[in-house]
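Biologist: I have a few questions about this fold. Please show me the structure before we start.

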Amino acid sequence: MVVNQLTTLILQQQVIPLYYHDDLSICLGRMKALYAGGARVIEFTNRGGNALTNFSQMVMRRNEEFPDLKLGVGTIFSFVEAEHFLDRGANFLVSPTFSSDLAAFSKERGILYVPGCMTPSEIYTAKSHGCSLIKIYPAHVLGTSFIRSVKELFPTVHLMPTGGIKLTELHDWFAAGASAIGVGGMLFSSESPIVELEYKMRVLLLQSAI
């Protein structure tokens, strides 16, 4: 899938779930529940010692059962890490920061790269390197007013705030100008078992469509 098509898919879904877990069974269970709830794009974060191994197994299960599901990898800092996950079947890359090396590497490989930015200068730099979908991180620190302000400066850039966003605040972020929203810990709290994920994902997608 080319970069523009995948970007469109993310913008259509609007709410992008992201998670990591050391336990492979939980990783697979969450993926299945999210897919059943309507998610066709999921970000798996590179935040633990089992990340590469678990992701490889997720891709194998995806290929067998959910061939239309796109799996990206977040918390990527170097093209070495990127290469490892791309070799395992990653469809796109996400970073908490901007890297010119990763931008160049992704462009060369024809892969969507979503960098994380926190200031107008960083957004401008990422845009100058060809990034049209940019993660605003950490979103809960910056707030919706930041999205509203920078959207005026970069009307053609798609902003995806991520980090600490409450599920009850999605409408506020979209109203401020967010094109998509990354949702992690608030969706995968310890009080929410896997069996509830399908329902929660379905509700989020319905809310974002209103």
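Biologist: How many disulfides does a search of the whole structure find?

Modeller: This is a predicted model. A disulfide needs two cysteine sulfur atoms within 2.5 Å. For C131, the nearest cysteine sulfur is that of C117, 7.5 Å away, and C131 is in no disulfide. The count for the whole structure is zero.

Biologist: Is C131 buried or exposed?

Modeller: Buried means under 20% relative accessible area. C131 has a relative accessibility of 7%, so C131 counts as buried.

Biologist: What about C27, buried or exposed?

Modeller: The cut-off for buried is again under 20%. The relative accessible area of C27 is 0%, so C27 is buried.

Biologist: In what order do the three strands of the open sheet stand?

Modeller: β6 (116–117) and β8 (158–161) are at the edges, and each has a single partner strand. One side of each is therefore left without a neighbour in the sheet. The pairing is parallel, and the order is β6-β7-β8.

Biologist: Which residue of β7 stands opposite G116?

Modeller: β6 and β7 run parallel and are joined by two bridges. β7 covers residues 133–136. The residue opposite G116 is K135.

Biologist: Which helix packs on the sheet, touching β6 and β7?

Modeller: The helix spans residues 120–128. Its direction makes about 155° with that of β7. The helix is α6.

Biologist: Where is S95, and which backbone oxygen does its side chain reach?

Modeller: S95 lies in the loop between β4 (92–94) and α5 (100–109). S95 counts as buried, because its relative accessibility is 1%. Beyond four places in sequence, the contacts of S95 include L102, Y113, G116 and K135. At 2.4 Å, the side chain of S95 reaches the backbone oxygen of I76.

Biologist: Which helix gives the most to the largest nonpolar core?

Modeller: That core has 59 residues, and Y19, M31 and L34 touch the most other members. The helix in question spans residues 24–36 and contributes six residues. That helix is α2.

Biologist: Which residues does M31 touch, leaving out those up to four places away in sequence?

Modeller: M31 is one of the residues that touch the most other members of the largest core. Its contacts beyond four places in sequence are Y19, I42, M58, R61, R62, F66, L69 and L71.

Biologist: How many residues are in the other core that lies apart from it?

Modeller: Among its members are L6, I16, F92 and V114. This core lies apart from the largest one. The number of residues is twelve.

How values were computed. Residues numbered from 1 in each chain as written. Predicted model: local features only at pLDDT ≥ 70, side-chain atom pairs only at ≥ 80, totals over all residues. Heavy atoms only, no water. Pairing = 2+ DSSP bridges. Helix = DSSP H or I, 4+ residues; strand = E, 2+ residues; numbered from the N terminus. Contact = heavy atoms within 4.5 Å. Axes fitted to C-alpha atoms, helices over the stretch in contact; angles between N-to-C directions. Buried < 20%, exposed > 50% of the residue type's maximum accessible area, 1.4 Å probe, protein only. Polar contact = N/O pair within 3.5 Å; in protein donor to acceptor, adjacent residues only side chain to side chain. Core = buried A, V, L, I, M, F, W, Y, C linked by side-chain atoms within 4.5 Å.
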